[in-house]
Each structure stands twice: as C-alpha cells, then as structure tokens.
Amino acid sequence: MNRLPPGPRNNLLVSLKYLREPYATLLETGRRYGDTFAWPGFAGKMVVTGHPEGVRTLFTADPDTFLALGAEMLAPILGESNLILLSGERHRAMRKLQLPPFHGARMRAYGQLMLDAAREHAARWTRGRPIPVHRTMQEISLQVILEAVLGLREPAERESFKTTVLEVIAALKPSFMFIKALRRPLLGLSAWARFQRKREEITALFADVLRARRASPEPHEDILSLLLSARYDDGHALTDDELLTQMLNLIVAGHETTASSLAWAFHFIHREPAVKARLVEELRGLPEPLEPEAVSRLPYLEAVCSEALRLNPVAPIIGRTLREGLTLQGYELPPGMDVGISILQVHRRPELYPEPERFRPERFLERGYSPFEYLPFGGGARRCIGAAFALYEMKLVLAAILRTYDLLPASDAPVGVSVRNTTVGPRGEVGLLLA
Ligand code: HEM
C-alpha cells in the first residue's frame with residue numbers, strides 16, 4: 001500500500017494559485033493527479049479526496065478518528081471553546097447545546113424576519129443602474145443572523161453591532177491567522193493589535209446585550225436566549241466567554257456563506273431564461289401574503305437552491321486532522337496527517353451530474369443523491385448546524401424578491417470566483433437590472 005498519493009510538488013505556488021483562482025486550481029489538480037491527491041494544507045500536506053467512496057470513508061468513520069483542523073493554530077484567534085475547533089467529547093457536548101435552535105419549529109420562527117429583511121433591502125434598489133446583488137445579499141443575511149442569533153430588532157442597536165461585526169471580520173487577516181510569529185502588538189500598529197482592539201469592542205457590545213437580556217423578564221425566541229438557558233449534561237451553563245465565542249462564530253459562519261450562495265443563485269437564475277420562467281411560474285402559484293412554510297415546500301425552488309450550492313459551493317474543500325491512522329482510497333495515512341474532501345470535485349463529477357458545468361436544477365427532481373455525492377454543508381459529525389436555516393433563508397429571500405421584481409442580467413460577462421476569509425464567493429458584484 002502507498003502512504004501518500006501524488007500531488008503538486010510546489011506547495012507555495014499552488015497555494016498562491018488557489019488564492020487567485022480557487023475553483024480552477026482545485027479542479028485542475030484533481031484532473032491532473034486523480035480522485036485522491038496531496039494538497040498544500042494548513043501545516044504540511046493534506047490528503048484530499050474528490051471521490052464519493054473516499055467521502056463515505058471520512059463521513060462514516062468513528063468521529064474520534066479526527067481532530068478539528070487547525071484547532072491549535074486558530075484557538076487564540078477564534079476562541080478556545082469555538083465549536084468549529086473542538087473535538088471529541090467537548091465537540092459533542094457543545095454541538096448538542098447548539099443544535100436545538102436550528103431544528104424544525106424553532107427555526108421556522110425566523111421565517112418572517114427573513115421575508116421582511118429581503119423586502120426591506122430590495123426596496124432600496126433603483127431603476128436604471130446595476131443592482132449590487134451580492135452586497136444586498138450580505139446586508140440581508142447579516143440582518144437576519146443578528147436578529148435570529150441576538151434578537152436585535154431595533155435598527156439602531158443592530159447598526160452598531162453590524163458595523164463592529166464587519167470590522168472584526170475585516171480585521172481578521174490570513175497573515176497572523178497562519179503565521180504565529182506575526183501575532184505581536186508592535187506598539188499597537190500591527191494587524192494583530194487592530195484585531196485585538198476590534199475583538200474588545202465586540203466583547204463590550206456583547207456584554208451589553210447579555211446584561212439587557214438577563215434583566216429582561218419577557219420571553220425571547222433568539223438563539224442567545226436558548227443558549228442562555230441550555231445546560232450541559234452535568235447541569236452547568238455556558239460561561240459568558242463561551243457564549244460570546246459561539247455567538248460570534250454563528251454570526252460569521254452564517255452570514256457570508258448564505259450571502260454568497262444567494263448571490264450565485266440570483267446569478268445563475270438570470271443566465272438561464274428557462275429556469276427563471278419555471279421558477280417565477282411556481283412562485284406565482286402561491287397566495288399572498290407569502291407563508292414561509294408554503295414557500296419552503298416548493299420543489300423547483302428547492303432544486304434551484306440545491307443546484308446553486310452544487311455548482312458553486314462556498315466551501316470547496318473541507319478538512320480534519322487524523323488522531324488515528326486511517327486507510328483512505330488505498331492510502332495508509334498516519335496519525336497527525338490532515339485529510340480533506342474536495343466538495344467541488346465531487347459536485348462536478350460527470351457520471352453523477354451530466355454536463356456538470358451547466359446550471360440545471362431539474363437534475364435534483366430527476367434523481368436523488370447520497371450524502372457522499374452531494375455535500376455542500378459537509379457531513380458526518382461536523383455537518384453544518386445551520387444547513388436548514390441557510391436553505392430556508394435562501395428560499396424565502398429568492399421568493400420574496402422574484403415575486404415582486406422582474407430582473408435582467410446587467411451584462412453577460414462571466415463572474416469570477418474569489419477567496420473571501422475562509423470561504424469562496426463571487427468576485428465583485430453580480431449585476432442585475434430592474435426590468
Ligand atoms: C449556504 C450557507 C452555508 C453553507 C454552504 C455552509 C457550509 C458549511 C460547511 C461545508 C461546514 C463544514 C462541515 C464539515 O466540516 O463537514 C459548515 C460548518 C458549520 N456551519 Fe455552516 N454553512 C452555511 C450556513 C451556516 C449558517 C446559517 C450557520 C449558523 C447560523 C452555520 C454554522 C455552522 C457551524 C457552527 C459549523 C461548524 C459545525 C461543527 O464543526 O460541528 N452555517 N458549514
């Protein structure tokens with residue numbers, strides 16, 4: 001048996017290419033080296049598979065085979081208790097506390113605020129010049145997540161949080177994230193020092209929200225309130241620091257991802273007139289006022305969202321670190337090695353998705369896909385906890401806007417793909433015009 005699959009020799013070159021052209025670089029590496037290849041990972045090589053059988057191996061292995069990827073490197077930045085960085089028993093316990101707000105009826109309580117946010121922001125569009133669809137989607141998804149997570153209903157209160165959240169995200173630089181030596185204050189002038197200041201600001205704002213919430217006798221439906229009353233199995237509550245870390249993580253993980261996926265959906269719908277016609281007709285069949293549950297049950301709308309998430313996944317690659325040795329697609333990998341899944345490569349396999357580069361939502365009505373063939377939200381013990389929330393939001397935002405506005409592509413120029421923080425999204429704007 002081989003220990004390492006083939007892969008590009010020059011790690012730095014591939015990393016730089018990936019930062020410039022993430023999809024093209026990942027797909028090209030898969031074409032050149034096959035379904036399972038060595039890839040420049042976090043700290044040394046990562047073995048990546050783009051084959052559904054490889055995905056099955058990773059998603060069905062005992063969760064204790066893995067540690068969270070990059071936990072040691074990122075804990076001082078993203079918070080030591082951050083769900084995405086926890087492993088083993090601590091991960092299971094923290095996940096158990098965070099899952100209930102995203103389930104069924106709980107999650108549906110957020111439907112109306114999703115519709116309202118979409119209508120409010122689309123009402124600001126003006127006729128005659130290209131609409132910044134991607135920016136609008138970022139504004140909508142940030143508003144939705146702040147309301148859902150923190151219950152910030154008052155626009156003024158939300159504004160100061162919004163500004164500071166965006167500043168924290170902007171202050172988060174790959175330089176100090178991946179190079180520990182750059183985490184120095186340098187008389188308060190370094191990127192690291194700026195990030196620390198922004199984190200202190202958000203902590204102070206969060207402390208105010210927490211104080212107000214604890215003092216308020218009224219019941220609240222937001223995720224913070226649910227986490228405030230949640231208890232670990234041994235009866236103890238989350239500390240304030242744990243709460244802040246999880247809140248920030250949910251806001252960051254839930255906002256850019258949903259916004260980019262929505263922007264791609266708008267883009268593809270308006271490049272395929274037959275798709276748009278079928279979708280608009282399906283939406284017209286619903287009575288006014290729009291009822292979130294009825295929207296979420298529309299089959300073609302669901303297929304459109306699935307196809308946007310398939311064709312341009314915001315997380316083209318996901319990873320874990322091996323705590324124990326594992327055999328992956330014939331390669332015997334040692335403990336300590338990073339392993340990954342090229343979601344993009346799986347989603348572009350022609351035997352699963354004929355004409356894989358085409359936006360064809362019908363494919364999701366014609367057949368079903370296993371969790372190893374279709375995985376925009378990852379899988380196994382670390383599958384995205386916000387998947388249902390994100391899909392619900394995508395459907396409601398598309399429905400609210402496409403029922404009211406007739407949009408046209410502003411140009412037929414291709415829209416590029418760029419790396420945005422830890423995810424991948426449209427490069428620049430997706431321009432549409434009001435018809
Ligand atoms: C279209 C939108 C979204 C996409 C495509 C997406 C995708 C993903 C992916 C690929 C992962 C990694 C899964 C793995 O490693 O197997 C993930 C994890 C996660 N996502 Fe999402 N996500 C989206 C929206 C959201 C939302 C709305 C939230 C919360 C409000 C959220 C919260 C999380 C959290 C907390 C994790 C870490 C789970 C864990 O490590 O146990 N995501 N997401």
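Here are some numbered notes to help you find your way around this structure, which is a predicted model.

1. A good place to start is the iron atom of the ligand. Its only protein donor is the SG atom of Cys384, at 2.3 Å. To find Cys384 in the fold, look in the loop between α18 (363-366) and α19 (387-404).

2. Next, have a look at helix α13, which covers residues 240-269 and so has 30 residues. From the first C-alpha to the last, α13 reaches 43 Å, close to the 44 Å expected at 1.5 Å a residue. This helix is mostly covered, with 26 of its 30 residues buried.

3. Strand β8 (residues 338-342) deserves some time. Five of its five residues are buried, so β8 is largely enclosed by the rest of the structure. Which residues point one way from the strand, and which the other way? Asp338, Gly340 and Ser342 are on one side, while Val339 and Ile341 point the other way, and all are buried. That fits a general pattern: in a regular strand the side chains alternate between the two faces of the sheet.

4. The neighbours of β8 can be followed by their pairing. Strand β2 (residues 45-49) pairs with β8 in the parallel sense, over four bridges. Within this pairing, Val48 has Gly340 as its bridge partner. Strand β5 (residues 317-322) also joins β8, here through five bridges, and these two strands run antiparallel. Ile318 stands opposite Ile341 of β8.

5. For a hairpin, turn to strands β10 (residues 417-420) and β11 (residues 423-426). They run antiparallel and are joined by four bridges, with Val419 standing opposite Val424 in β11. There are two residues between the strands, and Asn421 takes a positive phi near 50° in this hairpin.

6. Now to the charged side chains. Side chains of opposite charge can pair when their charged atoms come close. In this model the count of salt bridges comes to 31. Not every example involves just two residues: Asp35, Arg349 and Glu351 are linked in a network of salt bridges.

7. Glu307 is worth selecting in your viewer. Its side chain meets that of Arg310 in a salt bridge, at 2.7 Å from N to O. Both residues lie in helix α16 (residues 299-311), three residues apart, which is about one turn of the helix. Are they buried or exposed? Arg310 counts as buried because its relative accessibility is 0%, under the 20% cut-off. Glu307 is buried as well, with a relative accessible area of 0%.

8. Glu307 also forms a salt bridge with Arg363, and here the closest N and O atoms are 3.0 Å apart. Arg363 lies in helix α18 and Glu307 in helix α16, so this pair ties together parts that are 56 residues apart in sequence. Arg363 is buried, and so is Glu307.

9. Finally, look at the salt bridge in which the side chains of Arg358 and Glu355 meet, at 3.4 Å from N to O. How does their exposure come out? Arg358 has 36% relative accessibility, and it therefore counts as partly exposed, a class that lies between the 20% and 50% cut-offs. Glu355 is partly exposed too, with a relative accessible area of 49%.

Methods. Residues are numbered from 1 along each chain as its sequence is written. This is a predicted model: local features need pLDDT of at least 70, side-chain atom pairs count only at pLDDT 80 or more; totals for chains, interfaces and linings use all residues. Side-chain values use heavy atoms; hydrogens and water are left out. Donors are N, O and S atoms within 2.8 Å of the metal (3.2 Å for Na, K and Ca); water is not among the atoms, so sites may look incomplete. The expected span of a helix is 1.5 Å times one less than its number of residues. Buried means under 20% relative accessible area, exposed over 50%, partly exposed in between (1.4 Å probe, protein chains only). Two strands pair if DSSP finds at least two bridges between them. A salt bridge is a side-chain nitrogen of Lys or Arg within 4 Å of a carboxyl oxygen of Asp or Glu.
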